[in-house]
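Please open the structure in your viewer and keep the selection tool at hand. The tour below proceeds stop by stop, stating at each one what to select and what is found there.

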Amino acid sequence: MIQITNPADCCGCTACASVCVHNAITMQPDALGFLYPVVDKDKCTDCGLCEKVCAFNDNYDTSLNLPRPEAYAARHKDMSEVETSRSGAAFIAISDWILKHDGVVYGAGYADHFRVVHKRATTKEERNEFKGSKYVQSDLIGVFRQVKQDLKDGKIVLFSGTPCQTSGLNSYVGKKLRENLYLLDIVCHGVPGPKLWDSYLCYLEKEQGDKISWVNFRDKQAYGWAAHHETFKFVNGGGDKMSFTYSFYQHITFRYSCGKCHFCNTRRPSDITIADYWGWQKTDPNINKDDKGVSLVFVNTEKGRRLFEAVKNDLDFIPAKIENCIQPNLQHPSEIHPKRMDFERDFAKHGFKYVMYHYGDVGWRYRTRKVKRSIIFNIKIVLKKILFLYICLLYTSDAADDK
């Protein structure tokens, strides 16, 4: 039976719970809302399937991969799709093709009060909920079994998610059903906890005295594609914040497994990989000069290549050199904040407001840290200038002695 002794060894993909025919495994949340498998020993027959299906390791399946990914800078030809998508709307072009062929698309959407979950879509209207980034780990409970049933029913399925999710689904589905399953992953920086996100929304609503009616983890229409600025709308108006974004980039809210991610390389566990194309200027200085956004696309398998060929007419695209689009998380995992464990303990004990004041961008502690960083930065500049003047004086003195 599967036993998680180190939380960093589990990505929460639900493959183990999905494969158990006895329903002996349930996914239970920790203090931040991250799900981990818990085994009911009375139901478990110790068949070993849960351990076998786990794909969060260095031996994940890449048997269908091309020797080297084919990289592209891509942008949808319909600018309305680009403006309402996170980057260049490559996902829209790909998912449109799936829907056109009576297929099913799975992606991250919302349930309840902006709880991030994976959902099933059979229309463009349903699929449009998957647009935009969701910087929270999505709930996958029951989704893998639903995907498998769609495949058994003969449907074409596109599943989009983080690489640990696509790797887990690939392992769970198996090779017999893989033919009609298209896997699409993102270049992932890391995932914050669902319970933290929910607490943040409650905190904002309490501060505002109003209910949130709309969220955008990264509002490029208001701030441009390159910026990362979260925005909210309340029933009665208002709402710009940055606290969740700040904590995200501190890596203090991430799942522990994000710090040892096995997929931070170009050997992807999916047919196609998409991301923001940072460094697009090296490929074409004009493709994103309007700052509307451009997608990085990696074609990883022959099946992915056929899919990309099928949607090319909807895209403006340019072949790219992999060395010009290698992002940090295509080279190594994000480094988890050294106080991550303290953060979780304090959140569980004191709540969201407390950790935002102690670790986030709220209150005098944050202002003190900001001033301290500014002082240190200015001191370094002054010291560099002094060193430069000292070297100039030495050079001038030596030159005078030579004369």
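Begin by selecting residues 212-216, which form strand β8, and within this strand pick out Ile212. The model is a predicted one, and every value given on this tour is computed from it. Is Ile212 buried or exposed? Its relative accessible area is 3%, and a residue counts as buried when that value is under 20%, so Ile212 is buried.

Next, display the surroundings of Ile212. Apart from neighbours within four places in sequence, Ile212 is in contact with His113, Phe114, Leu201, Leu204, Glu205, Phe232, Lys233 and Phe234. Select Phe114 from this group: Phe114 and Ile212 are separated by 98 residues in sequence, yet their C-alpha atoms lie 9.2 Å apart in space.

Strand β8 also leads to an open region, the second largest pocket, to whose lining it gives the most, with 3 residues. The volume of this second largest pocket is about 420 Å³. Its lining consists of 20 residues, and Thr84, Lys131, Gly132, Val215 and Asn216 are the closest to its centre. Select residues 220-223 as well, since α9, like β8, supplies at least two residues of this lining. Coloured by class, the lining of the second largest pocket shows 5 nonpolar, 7 polar and 8 charged residues.

Move now to the largest pocket, whose volume is about 980 Å³. To find its centre, select Arg86, Ser133, Tyr135, Ile186 and Val187, the closest to that point among 43 lining residues. Two or more residues of the lining come from each of α4 (90-100), β4, β6, β7, α10 (243-250) and β10 (272-276). By class, the lining of the largest pocket contains 20 nonpolar, 18 polar and 5 charged residues.

The following stop is helix α6, residues 143-152. Which residues of α6 are buried? They are Val143, Phe144, Val147, Lys148, Asp150 and Leu151. These residues lie on the same side of α6, because they cover an arc of only 160° around the axis. To see what covers them, display the surrounding elements, which include α1 (15-19), β4 (104-111), β5 (115-121), β6 (157-161), α7 (163-173) and β7 (181-186). Just after α6, select Gly154, which takes a positive phi of about 85°.

Then select residues 25-29 and 35-39, the strands β1 and β2. These strands run antiparallel and are joined by 5 bridges. One pair to display is Pro29 with Leu35, its bridge partner in β2. Between the strands of this hairpin there are 5 residues, and Gly33 has a positive phi near 95°.

The last stops are enclosed spaces. How many cavities of 30 Å³ or more are there? The count is 5. For the largest cavity, select Cys164, Cys188, Gly190, Cys258 and Cys261, which lie nearest its centre among 18 lining residues. The space in the largest cavity is about 170 Å³, and its lining divides into 10 nonpolar, 7 polar and 1 charged residues.

Finally, select Cys20, Ile25, Cys44, Cys47 and Cys50, which lie nearest the centre of the second largest cavity. This cavity holds about 90 Å³ of space and is lined by 15 residues, of which 10 are nonpolar, 3 polar and 2 charged.

Methods:
Residues are numbered from 1 along each chain as its sequence is written. This is a predicted model: local features need pLDDT of at least 70, side-chain atom pairs count only at pLDDT 80 or more; totals for chains, interfaces and linings use all residues. Side-chain values use heavy atoms; hydrogens and water are left out. On a 1 Å grid over the protein atoms alone, a cavity is a set of points where a 1.4 Å probe fits but cannot get out, and a pocket is an open set with protein on both sides within 12 Å along at least five of seven lines; lining residues have an atom within 4 Å of a point. Grid points are joined across faces, edges and corners, and a volume is the space filled by probe spheres set on the points. Ala, Val, Leu, Ile, Met, Phe, Trp, Tyr, Cys and Pro count as nonpolar, Asp, Glu, Lys and Arg as charged, and the others, Gly among them, as polar. Buried means under 20% relative accessible area, exposed over 50%, partly exposed in between (1.4 Å probe, protein chains only). Helices (H or I, at least four residues) and strands (E, at least two) are DSSP runs, numbered from the N terminus. The arc is that of the directions from the helix axis to the C-beta atoms. Contact means heavy atoms within 4.5 Å. Two strands pair if DSSP finds at least two bridges between them.
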